[in-house]
Amino acid sequence: MDSLTSARVEFANEPFPAMVCSPGVSETAATYLHDTLCDCAVLVFHWAFPFNGEDFALFLRGVPGAMFFLGVANPEAGINGAPHAPDFAADERALGIGVRAMAGFLSSRLTARSGPHHHSPGSTDGHPSPA
C-alpha cells in the first residue's frame, strides 16, 4: 500500500466539457421523427444524462446539435443494445431505420434552410447576403 501514497494522476488535456444539446434542434427532430415514424417509436428525454466524457460536446460548442440514440436491443434474441457494455450487440435491422430517419431529418432541415424565407447569416433586411 505504500506505493499508492506516491501515486499521481495527470490528464494530458482538459477533460471534455459537459454535453449540452440544442433545445431547438432536439424539439425539431422530435417533431419530425414523431410525424415520420410513430409516437411509440420515439422517446424524448427531458432530463440530464451523464455525458461528462462525451467528445460530441466539443462539436456542440461550435454548432447547435443534439445526440440521438437508436434502439438496437432485442431482448427476445438476447441482444442488450447497451453501449459500452461488455456484451454489447445490436439488432442490425434497426440500422436501416435509423439511417433513413436521420437522413430524412437532415434533408428536411436543409430544405427548410434553403426555402424562400431563409435569412442568410449577415443579412439585416431579410434578403440573402451577396456571395
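**A pocket, a helix and a loop**

By class, the second largest pocket is lined by 12 nonpolar residues, one polar residue and two charged ones. The model it belongs to is a predicted one, and the pocket's volume comes out at about 300 Å³. Among the 15 lining residues, those closest to the centre of this pocket are V25, P64, G65, L106 and R109. Two helices, α2 (56-62) and α3 (93-113), each put at least two residues into the lining. The biggest share comes from α3, which gives six residues. As for how such spaces are found, a probe the size of a water molecule is rolled over the atoms, and this shows where empty space is left.

Since α3 gives the most to the pocket lining, this helix gets a closer look. It runs for 21 residues, and from the first C-alpha of α3 to the last the distance is 31 Å, close to the 30 Å expected at 1.5 Å a residue. Which residues of α3 are buried? They are A94, G98, A101, G104 and F105. These five sit on the same side of α3, because the arc they cover around the axis is only 135°. The general picture helps here: an α-helix has 3.6 residues a turn, so residues three or four places apart point the same way. The buried residues of α3 pack against another helix, α1 (23-36).

What about the other face of α3? Turned away from the buried side, that face carries the exposed residues V99, R100, L106, L110 and T111. One of these, L106, has already come up, as it is also listed among the residues closest to the centre of the second largest pocket.

The loop between α2 and α3 has two residues worth a stop, D91 and H84. Is D91 buried or exposed? With a relative accessible area of 12%, D91 is buried, because the cut-off for that label is under 20%. Once its neighbours within four places in sequence are set aside, D91 is still in contact with V72, N74 and I79.

H84 is a rather different story: its relative accessibility is 82%, so H84 counts as exposed, the cut-off being over 50%. The backbone of H84 also deserves a glance, with a positive phi of about 70° even though this residue is not a glycine. So the loop between α2 and α3 holds both D91, which is buried, and H84, which is exposed.

Notes: Residues numbered from 1 in each chain as written. Predicted model: local features only at pLDDT ≥ 70, side-chain atom pairs only at ≥ 80, totals over all residues. Heavy atoms only, no water. 1 Å grid on protein atoms, 1.4 Å probe; cavity = no way out; pocket = protein on both sides within 12 Å on 5 of 7 lines; lining within 4 Å. Points joined across faces, edges and corners; volume = space filled by probe spheres on them. Helix = DSSP H or I, 4+ residues; strand = E, 2+ residues; numbered from the N terminus. Nonpolar A, V, L, I, M, F, W, Y, C, P; charged D, E, K, R; others polar. Buried < 20%, exposed > 50% of the residue type's maximum accessible area, 1.4 Å probe, protein only. Contact = heavy atoms within 4.5 Å. Expected span 1.5 Å × (residues − 1). Arc of directions from axis to C-beta.
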